[in-house]
Amino acid sequence: MQETNILWADDEIDLLKPHILFLNEKGYHVRTATNGSDALDTFRNDFFDLVFLDENMPGLTGLETLAEIKNINPDVPIVLITKNEEEYLMEDAIGSKIDDYLIKPVNPKQILLTIKRLTENKRLISEKTSMAYQQDFRNLGMTLNENLSYTEWVDVYKKLVYWELSLEKLEDAGMHEILTMQKAEANVQFCKFIEKNYLKWLKEPESGPVTSNQLLKKKVFPTLQPNKPTFFFLIDNLRYDQWKTMNSIITDYFRLEEEDSYYSILPTATQYARNAIFSGLMPLDMENRYPAMWQNDEDEGGKNLYEEQFLADQIQRVLRKDLKYSYHKILTYEQGKDIAENIYNLLGNELNVLVYNFVDMLSHARTDMAMIRELANNEAAYRSITLSWFEHSPLLDTLKKLAQKDVRIIITTDHGTIKVKYPNKVIGDRNTSTNLRYKQGKNLNFTPKEVFHIKNPHDALLPKLHVSSSFIFAKEDSYFVYPNNYNHYVNYYNGTFQHGGVSLEEMIVPFMVYSPK
């Protein structure tokens, strides 16, 4: 391991020789200075991993020396050592971006602990994280072989995301590979679980999880309060891991009251899942109730044009009373800014629904645009680009404004996405739907074990376009391609983020409730 170089500046450095000898014995190399000017000369001429500064030195004070060192190299950790416990001094030191401060007299073990925390923290965390995952790896593996319930599958997925985010910070390719394999195995078992249980849930809704069509009725409407407006933010295509990265910013302004989830219906595609949320109905029921508004896959035109009308009908049908509410769909940055500027105008409503399409646009852009494809070339990058959008979005501006008011915030989505890797050949006629993760059509030709096949769409409460129509859903991280032009489609779509099929990432949907701090 490379030697750690420490600069220690103190006008009483002779009194600290026992401390310095102790550190030398521990393998640290310590250079000393008795004043700020000498400390700066030494710092300019050599490389240091850490600096200790006495606050009260003749000439340049510790804080003045600190400021100069930060100008030379702002990344080197600096610890201020002082006899003075005055609050103003601590505030000045913290404002000057010190990394720690110690009160004299200091003891060697205290110094050693500070050094390890500031110079070896990354290595120690890496070792402990890898060790903890190795211990949990076996537990997770055993869990995957059990007969899990839908709530236990949520716990498994959250645990996998926890390790994914933890290991992401480590430079340990081996651990990443093991987790990737375990996540893939989890999806294999989850798909078997869905094939076994999904149709049963639809026949007996109380036996299964809350699904898209039940979301407002079960989790939103019962919690509405006349004098406390609820803002329901649906960020399209937002996975649980993406929400986790955004949550660290949201909780600067809000208290997380409830961390929950629900299951997206199949297909996990916007036209099905989001319409089900706002109508409170399954697609087959929507087709029957709204024949002029429901759009099937082969119909021309937009498939999510009537969400506001669906919502209005559900409110009347379920609540059977007048409710003061609003609905807004934000498709552009300018629309987002307009909402942020006028958000207080919505405080008189009991419910405000705001749909943000950006993440959906981002995932499709990753398929269509070379630059985005480069920026979001893996899961970590996809999370990072989503976080970057959120940090600079009008949505965050909107949330900051609402944090000043007595409101209730819900953040959720309609479905997630999965990075697809394995092409799966399917043959269908020219009217077969074009989605990469599900196909609806007649006389579909496919490998049965590689898909979730629903022979009769009505069993899944889905419209049936023709007498012989059926649905097939891609499982795990596969995607459908046609044999003709096979290589072109594989080169174009492999490694892109898609939705519509069966996977943990697409079906287990975050549902979070916040209140202002």
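This tour moves through a predicted model, one selection at a time.

**The core around helix α8**

Begin by selecting Ile 194, Tyr 198, Phe 232 and Phe 278, which are the residues with the most contacts inside the largest nonpolar core, a set of 98 residues. Then colour helix α8 (residues 173-203), since the largest share of this core, 10 residues, comes from that helix. With Ile 194 centred, and leaving aside its neighbours within four places in sequence, you will find Ile 194 in contact with Trp 201, Tyr 263, Leu 266, Phe 452, Val 502 and Met 507. Another core, of 17 residues, lies apart from the largest one, and selecting Ile 20, Tyr 28, Ile 111 and Leu 112 will show some of its members.

**Strand β18 and its partners**

Next select residues 508-516, which form strand β18; nine of its nine residues are buried, so the strand is largely enclosed by the rest of the structure. Showing side chains separates two sets, with Ile 508, Pro 510, Met 512, Tyr 514 and Pro 516 pointing one way from β18, and Val 509, Phe 511, Val 513 and Ser 515 pointing the other way. In a regular strand, side chains alternate between the two faces of the sheet.

Add strand β7 (residues 254-263), which runs antiparallel to β18 and is joined to it by nine bridges; within this pairing, Leu 256 has Tyr 514 as its bridge partner. Then add strand β10 (residues 408-412), which also pairs with β18 in the antiparallel sense, over four bridges, and look for Thr 412 standing opposite Phe 511.

**Helix α13**

Move now to residues 307-319, helix α13, whose end C-alpha atoms are 18 Å apart, in agreement with the 18 Å that its 13 residues should span at 1.5 Å a residue. Select Glu 307, Phe 310, Leu 311, Gln 314 and Ile 315, the buried residues of α13; because they cover an arc of only 135 degrees around the axis, they sit on the same side of the helix. An α-helix has 3.6 residues a turn, so residues three or four places apart point the same way. To see what covers the buried residues of α13, display elements including α9 (215-220), α11 (270-279), α12 (283-289), β8 (325-330) and β9 (351-356). Following α13 is Arg 320, whose phi is positive, near 55 degrees.

**A buried aspartate**

Finish at Asp 136 in helix α6 (residues 121-144). Is Asp 136 buried or exposed? Its relative accessible area is 12%, which is under the 20% cut-off, so Asp 136 counts as buried. Its side chain makes a polar contact of 3.2 Å with the side chain of Lys 159, and, not counting residues up to four places away in sequence, Asp 136 touches Lys 159 and Trp 163.

Terms used:
Residues numbered from 1 in each chain as written. Predicted model: local features only at pLDDT ≥ 70, side-chain atom pairs only at ≥ 80, totals over all residues. Heavy atoms only, no water. Buried < 20%, exposed > 50% of the residue type's maximum accessible area, 1.4 Å probe, protein only. Polar contact = N/O pair within 3.5 Å; in protein donor to acceptor, adjacent residues only side chain to side chain. Contact = heavy atoms within 4.5 Å. Core = buried A, V, L, I, M, F, W, Y, C linked by side-chain atoms within 4.5 Å. Expected span 1.5 Å × (residues − 1). Arc of directions from axis to C-beta. Pairing = 2+ DSSP bridges.
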